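Work through the exercises below with the model in view. Each task is followed by its solution.

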Amino acid sequence: MKKLNFLIPLFVAGFYQSQTISGTVISKNENHPLSYVKIGVEKENIGTVTDENGNFIIDLSKANTANKVKIEVAGYETYTENVSDFIKQNSRKIYLKEKIKNIQEVKLKPKKLVDKNWGVNTKTKSVMYSVNPAFKKEDFLGETALEFKANKKSKIKNINLNIASITADRPVIMRYTIYNEKNGLPNESILDEEITVELTKDKIVNQTFTLDVNDKNIWIQGKFFVGIQFLKEFEGRLNISAALFRTGYLRKFYGDWQKMSIAAPAINIDVKVDKNAKDENKLKEFDDQAFAYDFGDVSKYVEEANKEMYGRNKETGKFLNLKDANLYYEVYGDGEPLFLLHGNSGSIKDFYQQIPVLSKQYKVIVMDTRAQGKSTDKTRKDFNYKIFADDVKALANHLGLQKINIAGWSDGGNTGLEFALKYPESLNKLITIGANAFPEGVDENLINNFSIKYKVSQLQNKLENFNEGRLLKLMLKEPKITEKQLNKIQNKVLVIAGEKDVITKEHTEFMAKQIPNSELKIYKDATHMIPFENAEQLNLDILEFMMK
């Protein structure tokens with residue numbers, strides 16, 4: 001029996017080893033190894049890149065054997081093979097065939113070409129996209145991208161990356177990729193050759209790393225994306241400036257691209273464009289610096305939230321179909337009901353640090369507000385927080401809940417206040433986190449930028465941006481809660497905000513003072529991102545307040 005017990009783990013170890021495949025990627029035409037080739041599994045977050053000598057090791061023990069291994073690098077034809085076949089042979093030699101380049105003559109008329117710069121130009125050191133190999137090594141090789149649009153054929157001259165700070169013990173190896181667009185997301189690379197660079201501190205001038213790609217002959221038209229990926233681990237950290245409330249895109253290897261609506265990395269490009277072309281990008285040329293509020297580095301929280309099941313849990317996720325909307329919701333735990341309501345353009349997953357803690361003692365109901373997350377809206381009318389409060393009541397009724405508690409972050413807190421006014425008999429306790437009673441309670445510069453962005457969306461008049469425009473208008477026009485209405489709220493309310501919140505301290509204190517049975521808590525040095533950055537303290541405060 002002892003001998004059998006020894007053989008079993010030996011067999012398991014041997015099986016696991018068989019799933020870890022090593023090899024070399026080689027150029028078939030020139031018979032030399034290819035550096036930094038991307039190797040991964042389609043539709044999964046599994047992958048690696050080859051080293052300088054074309055060598056790789058990839059662990060496929062968790063891969064779905066029905067999927068395909070995908071191997072690609074710009075300038076070569078993509079290689080695919082079923083995972084089930086790929087793992088049958090170790091010490092692989094993969095030969096990639098060079099693509100045939102179709103060189104199309106482009107006649108330039110210099111007098112019709114003018115210089116433009118598109119993208120995110122902020123150089124803030126407050127809002128950042130962080131690259132830290134030590135944080136989660138399995139996430140390091142992920143990719144981020146920014147969307148652009150060229151109405152007429154244009155040539156990319158330079159790709160610029162604004163660096164907030166860098167501490168690295170060696171050159172940071174990174175790759176740029178230009179993608180075309182499909183269904184609003186990055187699709188396939190349009191590059192004929194790799195753009196791999198070594199970023200060092202001495203190459204950063206005035207906080208910007210500029211790469212001259214004029215000789216790459218990159219012509220673009222329509223929607224496209226500029227992506228960046230880091231290829232080799234280093235000791236230290238790289239922080240890229242980011243613009244708040246601009247949309248970026250993230251993915252891990254060949255996993256699905258995810259929108260990141262909180263902030264976008266400061267990637268911008270210098271282009272040559274026909275001066276007679278209609279330039280919609282000009283509509284976006286507003287001051288990104290004004291978005292540089294001290295929100296801290298939230299990119300790691302967004303990445304962590306995307307890993308969790310919350311917001312896409314097939315076991316508990318359901319839809320409530322209303323006449324004018326379909327509301328997606330999930331329920332966790334048992335006990336007294338507690339609704340968690342997210343902020344503008346957010347979703348259920350924003351509460352990934354609250355749900356597992358609070359659901360140990362309460363029945364936690366999380367929902368995507370209409371037109372956000374997985375919830376849809378069937379109307380064309382303007383949004384207001386009363387409508388959102390009605391949705392909360394509809395879901396509570398659907399679940400057979402007579403009285404609920406609400407913890408609302410930002411817009412979710414505003415919805416909570418409207419719920420308290422309209423359905424006081426159905427509410428027990430309310431916690432607001434970074435909420436406001438009227439638009440003037442928000443930092444003036446931020447409101448000004450919301451106004452500019454809303455005007456841009458109106459000028460563009462694009463169907464796909466319709467909900468974005470409505471959500472911006474909501475923040476500009478709502479809520480409209482008066483001092484007298486605040487005085488009428490008799491429920492127990494905990495008012496929370498950050499010391500550095502975009503909701504002014506004076507406004508938060510005003511709200512707490514006007515609500516008769518309220519408590520006020522200002523988190524020292526905290527921003528508007530309390531559920532992300534101060535999750536442990538917030539959870540404790542919610543639990544303590546609920547138990548009173």
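**Exercise 1.** How many contacts beyond four places in sequence does the model have for residues 280-295, where pLDDT stays under 50?

Solution. Start with the stretch itself: across residues 280-295 the pLDDT (the predictor's confidence in each residue, from 0 to 100) remains under 50. Next, count contacts (heavy atoms within 4.5 Å): the model has 55 beyond four places in sequence for residues 280-295. Then take residues 1-17, also under 50, for which there are two such contacts. Where pLDDT is low, predicted coordinates should not be read in detail. For the protein, the mean pLDDT is 86, and 85% of residues reach 70 or more.

This is a predicted model, in which local features need pLDDT of at least 70 and side-chain atom pairs count only at pLDDT 80 or more, while totals for chains, interfaces and linings use all residues. Residues are numbered from 1 along each chain as its sequence is written, and side-chain values use heavy atoms, leaving out hydrogens and water.

**Exercise 2.** Which residues of α8 are buried?

Solution. First locate the helix (a DSSP run of H or I, at least four residues, numbered from the N terminus): α8 covers residues 466-477. Its 12 residues reach 16 Å from first C-alpha to last, close to the 16 Å expected at 1.5 Å a residue, where the expected span is 1.5 Å times one less than the number of residues. Then apply the burial cut-off (under 20% relative accessible area, 1.4 Å probe, protein chains only): Gly 469, Arg 470, Leu 471, Leu 472, Leu 474, Met 475 and Leu 476 are buried.

Terms used
Helices (H or I, at least four residues) and strands (E, at least two) are DSSP runs, numbered from the N terminus. Buried means under 20% relative accessible area, exposed over 50%, partly exposed in between (1.4 Å probe, protein chains only).
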